[in-house]
Amino acid sequence: HSSWTLFRELVMPTEKTCANDHDSCCTDVDKSDGADIFCSQKFDTAKLLLLLKASKALASKTNLDQLLDVIVGEVQNVIECDGAGVMLYDEKKDDFYWRTVQDKQSFLAPAREEIRIPRDSGVGGLVWDQGKPVVIHDAENDPRIYKEVENKSGFPLRNLVCTPLQTPEKKLGVLYALNKTTDSFTEEDVEILLALSSNVALALENASYLEHLTVFNEELQRL
């Protein structure tokens, strides 16, 4: 893909981009938190620039960790949140682990290796199972929050958005935005993350395939 093609896909996603065939721009976001079904493609300039930078990274970077670092950093800057990260699903252990995570106070990155979330626990597991985003406005009092993340990292979670990372064929993980710096996460924030998620999932799948090929090639050379 050219970066322009990817940009168009990010801003105007196709009707069926997830494993559960939800309409990607009309998403039922966790009604228990009072959110309504919304459908809007009107992003402000800063958020359109985020999508453009993300599309350039998706088109130019083959190193998975570099790609995710760019995406996560831009999410923090443009959505104006303290932290963001990608959790991937580990089939062997049946849990989630941070592939990359950043926060402005550097609570989460040092504890990344020891933080794992069981698939049947926390918001990530819920988003994984349902294939829909979830917004948490009051993390301290919400029973869906997996408290071990805060206990092990010291990161004081207030609110979050979590969106699924999945292709039409496979579920891969979830994308988080953590602690909105101004008030609460908005419907537009969720739409931005959804637009990113479907394309990041494709990039994850492609990068993972390339990593496997590289390892296989290295093994062949040793023979």
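1. In this predicted model, ring pairs join Tyr89, Phe96 and Trp128 into a cluster. The structure holds five aromatic pairs. One of them brings together tryptophan 98 and tyrosine 176, whose ring centres are 5.5 Å apart and whose planes meet at 55°, so the pair is classed as tilted; the class follows because stacked pairs need planes under 30 degrees apart and edge-to-face pairs need planes over 60. This pair links distant parts of the chain, since tryptophan 98 belongs to strand β2 (residues 95-103) and tyrosine 176 to strand β6 (residues 171-180), 78 residues apart. Tryptophan 98 and tyrosine 176 are both buried.

2. For a reader meeting the fold, the order of the elements is a useful guide. The protein has six helices and six strands, and from the N terminus on they run α-α-α-β-β-β-α-β-α-β-β-α. Of its 223 residues, 47% count as buried. Among the contacts between residues at least 6 apart in sequence, 62% join residues that are at least 24 apart. The protein exposes about 11300 Å², and carbon and sulfur atoms supply 50% of that area.

3. Helix α3 (residues 64-79) can be checked against its expected length: with 16 residues, and at 1.5 Å a residue, the helix should span 22 Å, and because its end C-alpha atoms are 22 Å apart, the two values agree. The buried residues of α3 include Leu64, Leu67, Leu68, Ile71 and Val72, and also Gly73, Glu74, Val75, Gln76, Val78 and Ile79. After the helix comes glutamate 80, whose phi is positive, near 60°.

4. How many salt bridges does a search of the whole structure find? The search finds nine, and one of these is formed by aspartate 65 and arginine 99, whose closest N and O atoms are 2.9 Å apart. Aspartate 65 lies in helix α3 and arginine 99 in strand β2, so this salt bridge ties together parts of the chain that are 34 residues apart in sequence. With a relative accessibility of 32%, aspartate 65 counts as partly exposed, whereas arginine 99, at 17%, counts as buried, because the cut-off for a buried residue is under 20% relative accessible area.

5. Other salt bridges deserve a look in the same way. Arginine 144 pairs with aspartate 142, and the closest N and O atoms of the two are 2.7 Å apart. Here arginine 144 is partly exposed, with a relative accessible area of 22%, while aspartate 142, at 10% relative accessibility, counts as buried. Between aspartate 189 and lysine 180, which also form a salt bridge, the closest N and O atoms are 3.0 Å apart, and in this pair both residues are buried. In addition, a network of salt bridges links Asp90, Asp95 and Arg116.

6. Helix α4 (residues 122-130) has among its buried residues Gly122, Val123, Gly124, Gly125, Val127 and Trp128, and Trp128 is also a member of the aromatic cluster with Tyr89 and Phe96. What covers these buried residues of α4? The cover includes the strands β1 (81-90), β2, β4 (134-136), β5 (160-166) and β6. Just after α4, glycine 131 takes a positive phi of about 70°.

7. Two single residues may be checked in helices at other places in the chain. Serine 198 lies in helix α6 (residues 187-222) and, at 14% relative accessibility, counts as buried; its side chain reaches the backbone oxygen of alanine 195 at 3.4 Å. Lysine 56, by contrast, is placed in helix α2 (residues 45-60) and is partly exposed, with a relative accessible area of 47%. The C-alpha atoms of lysine 56 and leucine 67, which are eleven residues apart along the chain, are separated by 9.9 Å, and leucine 67 is itself one of the buried residues of α3.

Terms used:
Residues are numbered from 1 along each chain as its sequence is written. This is a predicted model: local features need pLDDT of at least 70, side-chain atom pairs count only at pLDDT 80 or more; totals for chains, interfaces and linings use all residues. Side-chain values use heavy atoms; hydrogens and water are left out. Helices (H or I, at least four residues) and strands (E, at least two) are DSSP runs, numbered from the N terminus. The expected span of a helix is 1.5 Å times one less than its number of residues. Buried means under 20% relative accessible area, exposed over 50%, partly exposed in between (1.4 Å probe, protein chains only). Contact means heavy atoms within 4.5 Å. Accessible areas come from the Shrake-Rupley method with a 1.4 Å probe; for residues, only the protein chains shown count as cover. Rings of Phe, Tyr and Trp (its six-membered ring) pair if their centres lie within 6.5 Å; planes under 30 degrees apart count as stacked, over 60 as edge-to-face and the rest as tilted. A salt bridge is a side-chain nitrogen of Lys or Arg within 4 Å of a carboxyl oxygen of Asp or Glu. A polar contact is a pair of N or O atoms within 3.5 Å; within protein, one must be able to donate a hydrogen and the other to accept it, and residues adjacent in sequence count only if both atoms are side-chain atoms.
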